[in-house]
Amino acid sequence: MRLIRYIGGRLLLLLPVLFGTSILIFLLLRLIPGDPAAVILGLRATPERLAIVREELGLDLPIHLQYGQWLGKVLSGDLGKDFRSNEAVTDLLSVRLPVTIELTLLSLALAIAIAVPLGIRAAIKPGGIADRGSMLLGLFGISIPDFWLGIMLILVFSLALRMFPSSGYARLHEDILVNLRSFFLPALTLAVGLSAVLVRVTRSAVLEVMERDFVKFLRAKGLRERLVIYQHVLRNASIPIVTVIGLQFGYLLGGAVIVEEVFSLPGVGRLIVSATLERNYPVVQAGMLVVAFMFILVNLVTDVLYALLNPKIRGAGA
């Protein structure tokens with residue numbers, strides 16, 4: 001029961017966060033210089049035509065009424081229409097969102113596969129090769145910008161070695177091998193930054209647990225070191241690791257905007273960038289809201305996993 005109440009309480013806290021995020025997105029977008037009506041009309045813009053287009057788009061209304069209308073439509077499932085193509089924003093996002101989700105999940109999986117084993121090995125043998133490698137990865141991953149790393153990967157693995165494509169995209173159900181090859185370099189670009197944080201957190205968490213008395217007791221009983229580390233130590237060290245993974249998911253979503261541009265992937269991030277340059281309010285508002293919702297949803301999942309891993313909450317829930 002306590003576990004259910006904990007999850008319900010987290011849900012109630014996330015709803016005001018999403019509402020506040022929608023207000024922030026709406027207001028900040030209006031602060032960007034430029035007039036959507038002028039972008040739509042281009043060279044045909046005259047004061048009379050600008051007034052007509054603004055009225056058609058609802059831009060002549062006070063800003064609080066504009067927000068109220070937009071929020072009402074969002075709650076009813078209508079995210080608006082693209083100013084330029086008059087296409088429904090939900091249709092645009094339904095095509096772009098799977099690309100961003102796949103890129104993020106592959107980056108996350110790649111980062112976990114790199115950082116967690118390396119962090120464990122670094123904790124088992126402090127000062128060894130794995131420990132030095134984890135320090136090098138942490139320094140490299142934090143220092144290198146995503147866009148620069150992406151360009152360097154393209155120069156080496158695409159242009160020089162011709163191992164992976166520098167751009168392009170194939171859907172997963174069309175050709176899984178082509179899909180994974182086109183996503184490998186973008187996913188690696190994002191994964192390096194996350195791995196830099198995750199490897200140091202894993203090392204510190206495992207080291208801290210290894211110094212506890214129950215670990216010494218298990219070793220004294222004669223349990224194999226591998227069993228002690230992977231069944232007992234890692235389980236107790238998983239709470240900070242899972243927490244960092246959840247928090248860093250927002251970093252992956254933010255980095256996806258840049259990486260999608262570098263590798264020409266048709267994801268939500270690239271859609272938001274192009275729509276911002278065109279002052280395409282409905283597309284930017286819907287795209288940012290979806291990204292914010294994904295981030296909040298992942299934080300909720302992280303909270304649930306934290307509750308399941310935490311023996312106090314889990315025990316009380318049982």
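Ser264 is found in the loop between H10 and helix H11 (268-277). In this predicted model, Ser264 has a positive phi of about 55°, although the residue is not a glycine. Most residues other than glycine have a negative phi. Ser264 has a relative accessibility of 30% and therefore counts as partly exposed. The loop that follows H11, between H11 and H12, holds Arg279. Phi of Arg279 is also positive, near 55°, and Arg279 is likewise a residue other than glycine.

Another arginine, Arg224, is found in the loop between helix H9 (213-220) and H10. Its relative accessibility is 67%, so Arg224 counts as exposed; the cut-off for exposed is over 50%. Arg224 and Leu252 are 28 residues apart along the chain. Their C-alpha atoms are separated by 37 Å.

The chain as a whole is helical in its secondary structure, with 13 helices and 0 strands. Read along the sequence, the pattern is α-α-α-α-α-α-α-α-α-α-α-α-α. Along the principal axes, the C-alpha atoms fill a box of roughly 85 × 55 × 35 Å. The chain has 318 residues, and 38% of them are buried.

Helix H8 departs from a straight course. This helix spans residues 176-210 and has 35 residues. A straight helix would reach 51 Å at 1.5 Å a residue, but the end C-alpha atoms of H8 are only 41 Å apart. A bend of about 40° is found in H8 at Phe184. A proline, Pro186, follows within four residues.

Two pockets were examined. The largest pocket holds about 510 Å³ of space. Its lining has 22 residues, and the closest to the centre are Leu57, Lys73, Gly80, Phe83 and Pro282. Helix H1 (2-31), helix H3 (47-57), helix H4 (63-75) and helix H12 (281-309) each give two or more residues to this lining. The largest share, 4 residues, comes from H4. By residue class, the lining of the largest pocket divides into 9 nonpolar, 6 polar and 7 charged residues. Where does the largest pocket lie with respect to domain 1 and domain 2? Domain 1 (2-75) and domain 2 (93-316) both give residues to the lining, so the largest pocket lies between them.

The second largest pocket holds about 270 Å³ of space. It is lined by 14 residues. Leu108, Phe249, Val298, Val301 and Thr302 lie nearest its centre. Helix H5 (89-124), helix H10 (225-262) and H12 each supply at least two residues of the lining. H12 gives the largest share, 7 residues. The lining of the second largest pocket divides into 12 nonpolar, 2 polar and no charged residues.

Helix H12 thus takes part in both linings. In the largest pocket, H12 is one of the elements that give two or more residues, while the largest share there comes from H4. In the second largest pocket, the largest share comes from H12 itself. The linings can also be set side by side by class. Charged residues number 7 in the lining of the largest pocket, whereas the lining of the second largest pocket has no charged residues.

Terms used
Residues are numbered from 1 along each chain as its sequence is written. This is a predicted model: local features need pLDDT of at least 70, side-chain atom pairs count only at pLDDT 80 or more; totals for chains, interfaces and linings use all residues. Side-chain values use heavy atoms; hydrogens and water are left out. On a 1 Å grid over the protein atoms alone, a cavity is a set of points where a 1.4 Å probe fits but cannot get out, and a pocket is an open set with protein on both sides within 12 Å along at least five of seven lines; lining residues have an atom within 4 Å of a point. Grid points are joined across faces, edges and corners, and a volume is the space filled by probe spheres set on the points. Ala, Val, Leu, Ile, Met, Phe, Trp, Tyr, Cys and Pro count as nonpolar, Asp, Glu, Lys and Arg as charged, and the others, Gly among them, as polar. Domain bounds come from an automatic or database domain assignment. Buried means under 20% relative accessible area, exposed over 50%, partly exposed in between (1.4 Å probe, protein chains only). The expected span of a helix is 1.5 Å times one less than its number of residues. The bend at a residue is the angle between axes fitted to the seven residues ending there and the seven starting there.
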